[in-house]
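Work through the exercises below with the model open. Each task is followed by a solution in steps.

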Amino acid sequence: MNHEHNTEIRRHRHVVAFKKGLGPAYAYHSKNLQVAEISDDLWNQMPVADFSKAEELEISDSQISQESQDLKSWSQFETPVESLVKPENKFNLTLNITQLCNLHCHYCAAGGDGTYGDPVRQISVEKTLPQIAMLMKRLKPGGQFNITFLGGEPLMYPLAIQAIGLFTKKLAAENNIKAEFQIITNATLINDSVLDVISPIRPTITVSIDGPPEINDRQRPQKNGLKSSDQAIQGLQSLLKRKDQFGPLLLHAVFNKNHTDVEKVWEYFQQFPVDKMEFTFDVTEKSEEANRSFTESLKKAAALAFAKGQEKELRRIQFFDIYFSQLDSQTRRENHCGSGKSLLSLDSRNQIYQCPLEVSFKTRVVGIDDQINWGLLKPLEKPLIELNNCQSCWAKHLCGGGCMFNHESLTGDKHTKHPTYCFRTRHLLSEVIMYYKQTRELE
Ligand code: SF4
Ligand code: SF4
């Protein structure tokens, strides 16, 4: 794939096509998630579209070549697909072990300092266990219950993680349910004794680190203003030595207007033998220029990864891995996330919310202890692509209507998308689609 050129986009009803320079044109059917290479003739017949818009375009009836007829009949073809959100099969719970943090990241979405505006030392384990039992009851045997331990910095209290994790594992085993755990940490507190405490639940660990020390120390200083990178790298190295005792290990970097160089971070991350890397754009960042620059830089990092190791390396970038799996399964997504459906969040006071980032808004509590006001969650029963008015967007069954918290941060309304979000999402998904077609051709 030629990465020197900008991607052009064309559209006929539910089919979009992408092309870079003189390279091949790849078409994507947004209703059945199939991808095909199309001829330049057909490409030329398709109306020119725009990444910033979601309007439905159509090949005019005067253009009746055999190929455009084929495209029109492909356009009507729709495979049966299902929503990703099935609360009785899978439930995700996020849990703030603490609302304190030893770092002070400049872009922190948890109230700017890990406290969500309410510093609480540690969640009550006693109150948490019945909450887990109550939520797990909703799953059918064979289902899956996931807990993500968040903070503040969750590894300030590893014993609380262990107690909650072991209880959940036992209860899940008794009910024929699979339990999985994830910890999101800044890694600065990781040492062998902390690893001894958390290894019995074999969690997936995501280490938040924004790149080489000169970037990370600027973005993620300690609370006292000192650098944090040395401790984070030391923690990461301790973890890598015992990697076989844990689930997949991820590195996660956040970008904003002060920092958009994904390529540089990708290159820095190469020295660490982790399973995945996640590069995300700050949910509160409005800068159009930073958004474009991040998008372009992520595309370049993907090109570097693909050149290095084809699909395997490309899929070490989490975004590509998620969508390659989805294209393989041809599962139509109707919800970007399970917020309020198959996902709930606990703050450190055991109050329940629909989303981990909503914990900052005390008026958004939907439950406390083992009582949930399901009526408050009723409006979220509809698919997000409908609630967020994404019906005419070709990317809707991959994107699923986008992150409501992101939308609200940028537009003031959780169901109103900001143009920067859709621009970035559509551009990055077009890359996924083109790489996907290319790799499947190699098989
Ligand atoms: S949020 Fe996602 S699905 Fe909705 S219009 Fe934007 S890119 Fe499309
Ligand atoms: S709305 Fe956004 S932040 Fe909240 S759970 Fe969904 S994806 Fe995550």
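For the classes used here, Ala, Val, Leu, Ile, Met, Phe, Trp, Tyr, Cys and Pro count as nonpolar, Asp, Glu, Lys and Arg as charged, and the others, Gly among them, as polar. The model is predicted.

**Exercise 1. The shell around ligand 1**

Task: list the residues around ligand 1 and divide them by class.

Solution.
- Step 1. Collect the residues: Cys390, Cys393, Lys396, Cys399, Gly401, Gly402, Lys417, Cys422 and Arg426 surround ligand 1.
- Step 2. Find the elements that give two or more residues to this shell: they are helix H13 (396-399) and helix H15 (419-442).
- Step 3. Sort by class. Cys counts as nonpolar, Gly as polar, and Lys and Arg as charged. The shell therefore divides into four nonpolar, two polar and three charged residues.

**Exercise 2. The shell around ligand 2**

Task: find which residues surround ligand 2, then give their classes.

Solution.
- Step 1. The shell holds His336, Cys337, Leu343, Cys355, Pro356, Leu357, Cys403, Met404 and Phe405.
- Step 2. Eight of these residues are nonpolar and one is polar. The shell around ligand 2 has no charged residues.

**Exercise 3. Domains**

Task: state the domain bounds and the distance between the C-alpha centres.

Solution.
- Step 1. The assignment gives domain 1 (7-80) and domain 2 (90-329).
- Step 2. The C-alpha centres of domain 1 and domain 2 are 38 Å apart.

**Exercise 4. Enclosed space**

Task: count the cavities of 30 Å³ or more and describe the lining of the largest cavity.

Solution.
- Step 1. The count is one cavity of 30 Å³ or more.
- Step 2. The volume of the largest cavity is about 40 Å³.
- Step 3. Its lining is made of Ile9, Arg11, Ala49, Asp50, Lys53, Ala54, Glu55, Leu57 and Trp394.
- Step 4. Sorted by class, the lining of the largest cavity has five nonpolar, no polar and four charged residues.

**Exercise 5. Rings**

Task: count the aromatic pairs, then look for a cluster and for a charge over a ring.

Solution.
- Step 1. The whole structure has 17 aromatic pairs.
- Step 2. Phe255, Tyr268, Phe269, Phe272, Phe279, Phe281 and Phe294 are linked into a cluster by ring pairs.
- Step 3. Over the ring of Phe361 sits the charged end of Arg364, 4.7 Å from the ring centre.

**Exercise 6. Backbone geometry**

Task: examine the peptide bond from Gly151 to Gly152 and the phi of Arg202, and place Gly152 and Arg202.

Solution.
- Step 1. The bond from Gly151 to Gly152 is cis, with omega near 15 degrees.
- Step 2. Gly152 belongs to the loop between strand S6 (144-150) and helix H4 (158-174).
- Step 3. Arg202 is not a glycine, yet its phi is positive, about 45 degrees.
- Step 4. Arg202 is found in the loop between helix H5 (192-198) and strand S8 (204-208).

Technical notes. Residues numbered from 1 in each chain as written. Chains lettered and ligands numbered in written order. Predicted model: local features only at pLDDT ≥ 70, side-chain atom pairs only at ≥ 80, totals over all residues. Heavy atoms only, no water. Near = heavy atom within 4 Å. Helix = DSSP H or I, 4+ residues; strand = E, 2+ residues; numbered from the N terminus. Domains from an automatic or database assignment. 1 Å grid on protein atoms, 1.4 Å probe; cavity = no way out; pocket = protein on both sides within 12 Å on 5 of 7 lines; lining within 4 Å. Points joined across faces, edges and corners; volume = space filled by probe spheres on them. Phe/Tyr/Trp six-rings, centres within 6.5 Å; stacked < 30°, edge-to-face > 60°. Lys NZ or Arg CZ within 6 Å of the ring centre and 35° of its normal.
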